[in-house]
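Biologist: Got the model open? I'd like to talk through helix packing, then empty space.

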Amino acid sequence: MRGRSTGVGRAAELCEEAWMTTYVLVAGGHMGGWLWQDVVDRLRERGAEAYAATLTGMGDRRHLAGPETDLETHIEDLVQFIDHVDAPEVVLVAHCHGSFPALGAADRRPERVSRIVYVSAPLPMDGFSVHSLINEFEPDPAVRDEWRQRAEQAEDGWRIPTLSLDDVQARSSFAGIPADALTRLVRLAAPQPLGTLTQPLRLSGAAAELPMSGVFCTGTQMSIAMVESLVRSGDPRFRVLTEPHVTFFELDTGHWPMLSAPDELAGVLLRAAAGEGQRVTA
């Protein structure tokens, strides 16, 4: 990795590196590729190529969802998207539980992925679904209960409804989003197929050595200090977070930085692709 510089010199280096970088951005639950438009624009302005994927049932593909839509569907969506991007490698960026199909796709196309960047996202693990990961590691029983109840109340038994504007405005995770963007988020959100959250992720291990970066949004009470605490717990499942190819960043914003801080997030994505970020050691 190139030695660090500061100020104008480092900004010029990042712009130069951006010309050789292609990003594929994946939204989390209920959201389509439209969510990333501000970040896509900023990455392209700085010389990178950037594309936002829309998975089955989300965004303008919401009409394609059905009871059979599951995590495998979304993984295959992303595999096909990567296959059709005209670049030898991509930086795969995933928000929230878009991290699950992102890692699943990287596991199947490791030779096409130069780095995975998780933005305000859980760390996917082999054999876990989104729901089982929350049940295993979420310390707040109220959060676990809310996820369970929403699954049990799924419309037609297979799709989780979206939140209303009142619900969204009452949640701290949406803090910092401009009012017009918040209204658009609620209007364009799609019901989430339940199978995408309950089907376990199955990995071959092919992506285990891929460079990885985590971006924590401190407005959600997530931080690098939390990673250090997980590592100190001694749980072997978190040992991967100390590997040399894993780095971390923090953004002082809420859970949706692509809407609340697109400039800052684009800058972090450029730095992550360049191999920067803070490491955590055992």
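Modeller: A cut-off to start with: angles under 35 degrees count as roughly parallel, 65 to 115 as roughly perpendicular, over 145 as roughly antiparallel, and the rest as oblique. Keep in mind that this is a predicted model.

Biologist: Fine. At what angle do H3 and H4 cross?

Modeller: Roughly 55 degrees. H3 covers residues 71-83 and H4 covers residues 99-108. Their axes come within 8 Å. The two helices are therefore oblique to each other.

Biologist: Is the crossing of H3 and H4 left-handed or right-handed?

Modeller: Right-handed.

Biologist: Which residues make the contact?

Modeller: H3 brings Leu71, Glu72, His74, Ile75, Glu76, Leu78, Val79 and Ile82. From H4 come Phe100, Pro101, Ala102, Gly104, Ala105 and Arg108.

Biologist: And by class, what does the contact of H3 with H4 have?

Modeller: Nine nonpolar residues, two polar and three charged.

Biologist: New topic. How many cavities of 30 Å³ or more does the structure hold?

Modeller: One. About 100 Å³ of space lies in it.

Biologist: Which residues are closest to the centre of the largest cavity?

Modeller: His74, His97, Gly98, Pro101 and Gln192, out of 16 that line the cavity. You have met two of those: His74 of H3 and Pro101 of H4 are also in the helix contact.

Biologist: Which elements give two or more residues to the lining?

Modeller: H3, H4 and helix H9, which spans 195-198.

Biologist: How do the lining residues divide by class?

Modeller: Nine are nonpolar and seven are polar. No charged residue lines the largest cavity, whereas the contact of H3 with H4 has three charged residues.

Terms used:
Residues are numbered from 1 along each chain as its sequence is written. This is a predicted model: local features need pLDDT of at least 70, side-chain atom pairs count only at pLDDT 80 or more; totals for chains, interfaces and linings use all residues. Side-chain values use heavy atoms; hydrogens and water are left out. Axes are lines fitted to C-alpha atoms, for helices over the stretch in contact, and angles run from 0 to 180 degrees between N-to-C directions. Helices (H or I, at least four residues) and strands (E, at least two) are DSSP runs, numbered from the N terminus. A crossing is left-handed if the near helix is turned anticlockwise from the far one by less than a right angle, and right-handed if clockwise. Contact means heavy atoms within 4.5 Å. Ala, Val, Leu, Ile, Met, Phe, Trp, Tyr, Cys and Pro count as nonpolar, Asp, Glu, Lys and Arg as charged, and the others, Gly among them, as polar. On a 1 Å grid over the protein atoms alone, a cavity is a set of points where a 1.4 Å probe fits but cannot get out, and a pocket is an open set with protein on both sides within 12 Å along at least five of seven lines; lining residues have an atom within 4 Å of a point. Grid points are joined across faces, edges and corners, and a volume is the space filled by probe spheres set on the points.
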